[in-house]
Amino acid sequence: MENFTFVSQFLENPNLVLWLVVKILFVIGLALYLVFPILVIRQIKAFDRILGFYIFDWPLRLAAGIHLAVAVLVFLLALIVL
Amino acid sequence: MPDIFVTEEKGIDRELESEKAGAWGRKLHSLTTVAFKPARLRFEDQDVDEQIILFTRPHLITNLKWFLLAVLMALVPPFTFIFLNFGFIPINFRFVGLLIWYLLTFAFVFERFLVWFFNVEIVTNKRILDVNIPNILFRDITQTPLGKIQDITAETAGFMRSILAFGDVRVQTAGTVPEIKFEAVPSPNKISQILNDLWREI
């Protein structure tokens with residue numbers, strides 16, 4: 001029945017359904033992307049521990065934190081705006 | 001009498017070391033590519049009596065290729081919005097699409113920079129530590145004792161490398177890893193000379 005509704009909606013307004021699909025793809029893509037900045041932060045921490053780089057790599061740690069914050073913001077924005 | 005000769009040799013060594021240290025400096029910062037006896041740096045399993053002699057990274061110019069690509073990526077949206085008509089895409093999708101594009105551009109720049117940043121070689125008075133990261137999700141750390149070195153070769157080939165005086169230093173070892181490569185490091189001849197000095201001391 002749900003499939004039937006989806007198909008009938010698509011036939012009535014194909015554009016609306018198309019953009020809904022694009023929105024879902026954007027949100028899934030951004031949710032998957034969130035893993036990347038977390039992995040980057042973990043790698044930087046690991047290298048800091050192994051190589052002792054924490055004495056001079058604070059700008060990198062800051063950039064990694066900002067990267068994660070921006071990724072979360074874009075994800076939330078995609079959920080709200082789209 | 002032989003003591004006099006010993007003192008003179010030590011004096012020469014000290015002079016040579018200060019010359020090397022003076023040229024490169026001991027202070028480490030984010031963009032340091034080579035440092036002689038870097039101050040304050042200590043790695044995880046460094047022994048108490050182990051001293052870091054050399055810290056190297058690829059030359060800064062090796063970042064030029066991805067840097068230019070990133071500039072190109074940053075310029076793509078303004079140019080496409082000028083020359084192509086995106087009127088059929090709703091404004092909210094255009095906005096989020098633009099943000100995603102710049103997020104990916106930043107991720108690319110950051111990942112490339114981190115790969116350069118953590119691609120280091122550390123030479124101590126006991127061993128060589130070679131850190132290779134082909135990408136941010138993979139790391140490969142190789143260690144070899146100085147005593148296992150068999151051959152050291154410095155190589156500078158190519159126009160850019162000759163002009164900016166950087167190149168590769170290959171260290172053949174008798175260990176499980178047959179070769180350690182100091183890739184695109186500044187002053188490869190000087191680095192190989194320092195490695196040779198350390199090798200002879202062992």
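# Reading the predicted two-chain model

Student: What joins β7(B) to β8(B), and through how many residues?

Tutor: A hairpin makes that connection, and five residues lie in it. This is a predicted model, in which local features need pLDDT of at least 70 and side-chain atom pairs count only at pLDDT 80 or more, while totals for chains, interfaces and linings use all residues. Residues are numbered from 1 along each chain as its sequence is written, with chains lettered from A and ligands numbered from 1 in the order in which they are written.

Student: What makes β7(B) and β8(B) a pair of strands?

Tutor: Strands are DSSP runs of E with at least two residues, and helices are runs of H or I with at least four, both numbered from the N terminus. Two strands pair if DSSP finds at least two bridges between them. Strand β7 (residues 166-173) of chain B and strand β8 (residues 179-186) of chain B have six bridges in the antiparallel sense, so the condition of at least two is met. Within this pair, F166(B) has P186(B) as its bridge partner. On strand β6 (residues 149-155) of chain B, β7(B) has another antiparallel partner, also over six bridges, and there T153(B) is matched with R170(B).

Student: How do you know which parts of chain A the predictor is confident about?

Tutor: The value to consult is pLDDT, the predictor's confidence in each residue, from 0 to 100. Chain A has a mean of 86, with 88% of its residues at 70 or more. Confidence is lowest in helix α1 (residues 2-12) of chain A, where the mean is 64, and highest in helix α4 (residues 58-81) of chain A, where it is 93. Chain A contains four helices and zero strands, whereas chain B has five helices and eight strands.

Student: Why is L62(A) classed as buried or exposed?

Tutor: A residue is buried if 20 or more other C-beta atoms lie within 10 Å of its own, exposed if 12 or fewer, and partly exposed in between, with C-beta atoms placed from the backbone. L62(A), which sits in helix α4 of chain A, has 10 C-beta neighbours inside 10 Å and therefore counts as exposed. By the same count, 17% of the 82 residues of chain A are buried, and in chain B the share is 24% of 202 residues.

Student: Why is β2(B) described as largely enclosed?

Tutor: Strand β2 (residues 52-56) of chain B has five of its five residues buried, so the rest of the structure largely encloses this strand. Strand β1 (residues 34-36) of chain B joins β2(B) through three antiparallel bridges, with F36(B) opposite L54(B). Strand β3 (residues 121-124) of chain B is joined to β2(B) by four antiparallel bridges, and here F55(B) stands opposite I122(B). Helix α5 (residues 188-201) of chain B lies across β2 and β3 of chain B, at about 155° to β2(B); such angles run from 0 to 180 degrees between N-to-C directions, on axes fitted to C-alpha atoms, for helices over the stretch in contact.

Student: What makes β1 and β5 of chain B edge strands?

Tutor: The open sheet has five strands in the order β1-β2-β3-β4-β5 (chain B), paired antiparallel. β1 and β5 (140-145) of chain B each have a single partner strand, so one side of each is left without a neighbour in the sheet.

Student: Which residues touch the most other members of the largest nonpolar core?

Tutor: A nonpolar core is a set of buried Ala, Val, Leu, Ile, Met, Phe, Trp, Tyr and Cys residues joined through C-beta atoms within 7 Å. The largest has 39 residues, of which L54(B), F55(B), V123(B), V185(B) and I191(B) touch the most other members. Apart from it lies another core of seven residues, among them A71(A), A78(A), V96(B) and L103(B).

Student: How do you know how many residues of chain A and chain B are in contact?

Tutor: Two residues are in contact if their C-beta atoms, placed from the backbone, lie within 7 Å, and 26 residues of chain A are in contact with 26 residues of chain B. On the chain A side, α4(A) gives the most, with ten residues. That side has 21 nonpolar, three polar and two charged residues, where nonpolar means Ala, Val, Leu, Ile, Met, Phe, Trp, Tyr, Cys and Pro, charged means Asp, Glu, Lys and Arg, and polar means the others, Gly among them.
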